[in-house]
Amino acid sequence: MLNFITWNVEPVLVHIGPFSIGSYFILLIIILVYILILGYRHFFQRKENKISSLNDKKETITFNKKSFKLVRKDDQYFAYVAGLFIFLRIIGILGEDLNINLSIRWYGLLWALGIYATLLIVTRLFKNEKLPEEWVDKLFIYTVVGTIIGARLGHCLFYEWSYFSAHPIEILYIWHGGLASHGGAIGILVAMYFYNKNVSKKGYVWIFDRLVIGVAICGASIRLGNLMNSEIYGSVTNLPWGFIFAKDRMGDGLPHHPTQIYEMLYCLITFAVTWWLYWKKEAYKKNGLIFGVFLIGIFGSRFLLEFIKLDQEAFESGMLLNMGQILSIPFVVWGIWLIYRSSKSSKTPKAIKS
């Protein structure tokens with residue numbers, strides 16, 4: 001008899017509380033004030049840098065080294081993301097008949113860490129190409145907003161529209177769960193259209209040749225969050241690495257494919273390939289090549305993996321291809337076309353003057 005893996009991890013990392021309503025408002029105020037202070041420091045630093053640069057470029061460098069030791073810039077971004085998730089969680093708790101009990105869930109934390117990792121990776125790529133520093137700042141905001149809004153709307157529209165069309169206000173209740181990766185991808189696509197139009201003006205695909213390298217890591221982090229939630233797993237299996245998801249109250253107690261781990265693996269492999277293409281082959285000079293490889297690696301793997309995943313919604317039962325596969329096909333086709341186009345073109349983007 002095979003010894004299958006019993007997955008018995010709690011989706012909640014830590015419980016804090018219960019506290020009084022007043023305590024929650026105090027905590028909320030502290031978080032908001034902290035974020036405002038970070039934003040003010042960031043704005044003030046940029047203003048001073050611009051003034052310094054008018055006099056002497058060397059003086060600007062000296063100013064940067066001496067100022068703002070209390071808060072590293074990287075910490076600002078993490079605080080923004082963490083503050084957003086905590087804020088939404090508090091609002092959700094207060095909305096549930098004031099049954100107050102604050103908790104930090106693995107899923108939300110791993111979402112925040114994934115976005116933070118994406119920021120660090122893209123920052124390094126932009127520095128390598130000597131691109132303007134403020135581009136990273138704005139890219140971070142556009143990406144976070146586009147991802148969260150797109151992922152939520154994608155779940156509501158693609159998977160549970162029959163319910164949310166009758167309860168539209170609940171689309172805002174992201175603390176109740178329901179984020180779709182395809183929706184997040186579409187949200188990023190829309191956000192990057194505006195980012196290219198308002199900030200970089202380097203071309204739509206050009207942005208994604210850099211951004212998706214970090215997004216692959218973010219995808220792996222999110223799938224780890226799905227594993228912690230004991231959700232979105234595969235069909236029953238007799239393989240020795242089958243997982244019995246003991247914390248899934250709707251589960252059948254049988255071993256299933258841990259498809260969350262499979263998806264983590266193809267995200268990490270896609271990251272490794274795109275990272276290698278960028279640094280070793282300088283593939284970013286061929287517009288669309290890295291982005292095309294990413295689309296095929298992520299959505300091509302997702303398409304195949306869906307054959308062993310359980311249906312997420314009842315309407316998918318009996319479908320030849322489920323919703324995840326249908327939504328993946330356009331991305332795979334786009335990836336193939338991008339790789340083909342990049343192989344036929346020798347044109348490289350012009351360097352930015354710094």
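A cavity is a set of grid points where a 1.4 Å probe fits but cannot get out. Keep that in mind as you work through this predicted model.

**Exercise 1.** Find how much space lies in the largest cavity, and which residues line it.

*Solution.* Step 1: start with the count, which is 1 cavity of 30 Å³ or more. Step 2: the space in the largest cavity comes to about 70 Å³. Step 3: its lining is made by Ile115, Thr118, Leu119, Val122, Val136, Leu139, Phe140, Thr143, Val144 and Leu211. Step 4: two elements, helix 4 (106-128) and helix 5, each give two or more residues to this lining. Helix 5 gives the most, with 5 residues.

**Exercise 2.** Decide whether Leu153 and Phe271 are buried, partly exposed or exposed.

*Solution.* Step 1: recall that buried means under 20% relative accessible area and exposed means over 50%. Step 2: Leu153, in helix 5, has 37% relative accessibility, so Leu153 is partly exposed. Step 3: Phe271, in helix 9 (residues 259-280), has a relative accessible area of 18%, so Phe271 is buried.

**Exercise 3.** Look around each of these two residues and name the partners you find.

*Solution.* Step 1: Leu153 belongs to a nonpolar surface patch of about 550 Å², together with Ile141, Val145, Ile149, Leu157 and Trp161. Helix 5 gives the most to this patch, with 5 residues. Step 2: leaving aside neighbours within four places in sequence, Phe271 is in contact with Ile121, Ile213, Ala216 and Ile217. Step 3: now try C-alpha atoms: those of Phe271 and Gly214 are 7.4 Å apart, although 57 residues separate the two along the chain.

Methods. Residues are numbered from 1 along each chain as its sequence is written. This is a predicted model: local features need pLDDT of at least 70, side-chain atom pairs count only at pLDDT 80 or more; totals for chains, interfaces and linings use all residues. Side-chain values use heavy atoms; hydrogens and water are left out. Patches are made of residues with over 30% relative accessible area and no salt bridge: like charges are joined within 9 Å, nonpolar side chains (Val, Leu, Ile, Met, Phe, Trp, Tyr) within 5 Å. Accessible areas come from the Shrake-Rupley method with a 1.4 Å probe; for residues, only the protein chains shown count as cover. A salt bridge is a side-chain nitrogen of Lys or Arg within 4 Å of a carboxyl oxygen of Asp or Glu. Helices (H or I, at least four residues) and strands (E, at least two) are DSSP runs, numbered from the N terminus. Buried means under 20% relative accessible area, exposed over 50%, partly exposed in between (1.4 Å probe, protein chains only). Contact means heavy atoms within 4.5 Å. On a 1 Å grid over the protein atoms alone, a cavity is a set of points where a 1.4 Å probe fits but cannot get out, and a pocket is an open set with protein on both sides within 12 Å along at least five of seven lines; lining residues have an atom within 4 Å of a point. Grid points are joined across faces, edges and corners, and a volume is the space filled by probe spheres set on the points.
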